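Reader: Before I plan anything at the bench, I would like to understand how the terms used for this model are justified. Could you take me through the reasoning step by step?

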Amino acid sequence: MIRSVVRGIGSALPRRIMRNADFEGIVETSDEWIAQRTGIRQRHIAGEGETTASLGEAAARAALDNAGLTPDDIDLIVVATSTPDNTFPATAVDIQNRLGMRHGFAFDLQAVCSGFVYAITTADLYIKGGLARRVLVIGAETFSRILDWTDRSTCVLFGDGAGALILEAEESEGRVSDRGIIASSLRSDGAHKDKLFVDGGPGTSGTVGHLRMEGREVFKHAVGMIADVIEDTYAKAAITSEDIDWFVPHQANKRIIDASAKKLGIAEGKVVTTVQLHGNTSAASVPLALSVAVADGRIQKGDLVLLEAMGGGFTWGAVLVRW
Ligand code: ACO
């Protein structure tokens, strides 16, 4: 059988770092409130000339370097984003052009914070279906541009950035011990669409709109949904939390991450947490966290890595990959 194996990884962050204390003249808040409730200490904010496509391009180039590949080796680009630079064309074709790629195909995928987990699963199916041999999967966001900077309950939570992964087709025996994507599980439920949304768009207001969230409602559902989809993924692979080497969750809130790991019985030392550095970067958060844990040597070839995300929609999902 064919498995989609990780060939390279890269990331990119805007130059400007905004620390919690920097909000203290903008809205009524404090470093202590933000850190205690969310675990966030700082986030990167895109400046002039930094866009979703420019960050995505930089992450893609880093992943290509890491893999020892060039854009000529890529067949498909999938970009997970909820903050495209334009309503259309897709940010993915902009990145394709920036990379000088004159072949293959590229498209965006929108599943808010679950975008990267949806995008890897999609890329995996294109590879298994024989439509692509190597896929560049990118999560890239500039959430700072859809925040209401007068709303303290949301503007302190998000940040900008991008991460990229290259998946490659490889012949495999299909065992859990073999490298590549082993199992995925995706869910959505539009009944929750008003709990986390953007109050504008081309089909309604004709404006871009701002992010709105009922934080407490999101929190209430998050841990149960995350645990369900992970249990489902475990069942597909016939494994338990004991078998996992690294848990790389969506980085929205340290309390959600800790509560999910506890509910699933995943040891604290296996949890990769970067929310303190990046805030919630939506579709970029999982590949950014992966990049940190690969760069510092925690995640090694052959490790069993569990990815998870939950976000607007609601959407949620998990992916199990042998690195
Ligand atoms: N600074 C100071 N006070 C604040 C701030 C702030 N930045 N924001 C809200 N408050 C106040 C509120 O006004 C409220 O005051 P009140 O009691 O006088 O009315 C008080 O703090 C408590 O507000 P809550 O919303 O109940 O605070 P809570 O403990 O629920 O924490 C938070 C809020 C951090 C947003 C939490 O609900 C949360 O993390 N929810 C999940 C959000 C999330 O993870 N979203 C992303 C997931 S999906 C995705 O990634 C797109």
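**Contacts and surroundings of the ligand**

Author: A backbone N or O atom of R152 lies 2.9 Å from a nitrogen atom of the ligand, and the model in which this is seen is a predicted one.

Reader: What makes the approach of R152 to the ligand a polar contact?

Author: A polar contact is a pair of N or O atoms within 3.5 Å, and the pair formed by R152 and the ligand is 2.9 Å apart, so it counts as one.

Reader: Which side chains come within the 3.5 Å limit of a ligand atom in the same way?

Author: Among them is T29, with a side-chain N or O atom 2.7 Å from a nitrogen atom of the ligand; another is N253, with a polar side-chain atom 2.5 Å from an oxygen atom of the ligand. Both distances are within 3.5 Å, and therefore both pairs are polar contacts. The protein covers 76% of the 1000 Å² of accessible area that the ligand has on its own.

Reader: How do you know which residues surround the ligand, and how many are there?

Author: A residue belongs to the surroundings if one of its heavy atoms lies within 4 Å of the ligand, and 24 residues do so, the closest being T29, R37, C113, R216 and N253. By type they divide into 11 nonpolar, eight polar and five charged residues.

Reader: Why is the ligand said to sit in a pocket?

Author: The term requires that more than half of the atoms of a molecule lie within 2 Å of the grid points of the pocket; the space taken by the ligand is the second largest pocket.

Reader: Which helix supplies the largest share of the shell, and which domains contribute?

Author: Helix 6 gives the largest share, four residues, while domain 1 (2–171) and domain 2 (180–322) each provide at least three.

Reader: What makes the peptide bond from F88 to P89 a cis bond, and where is P89 found?

Author: Its omega is near 0°, and P89 is in the loop between strand 4 (76–80) and helix 3 (91–98). Another cis peptide bond joins G313 and F314, with omega about -5°, and F314 is placed in the loop between strand 12 and strand 13 (315–322).

How values were computed: Residues numbered from 1 in each chain as written. Predicted model: local features only at pLDDT ≥ 70, side-chain atom pairs only at ≥ 80, totals over all residues. Heavy atoms only, no water. Polar contact = N/O pair within 3.5 Å; in protein donor to acceptor, adjacent residues only side chain to side chain. Areas by Shrake-Rupley, 256 points an atom, 1.4 Å probe, with all protein chains shown as cover. 1 Å grid on protein atoms, 1.4 Å probe; cavity = no way out; pocket = protein on both sides within 12 Å on 5 of 7 lines; lining within 4 Å. Helix = DSSP H or I, 4+ residues; strand = E, 2+ residues; numbered from the N terminus. Nonpolar A, V, L, I, M, F, W, Y, C, P; charged D, E, K, R; others polar. Domains from an automatic or database assignment.
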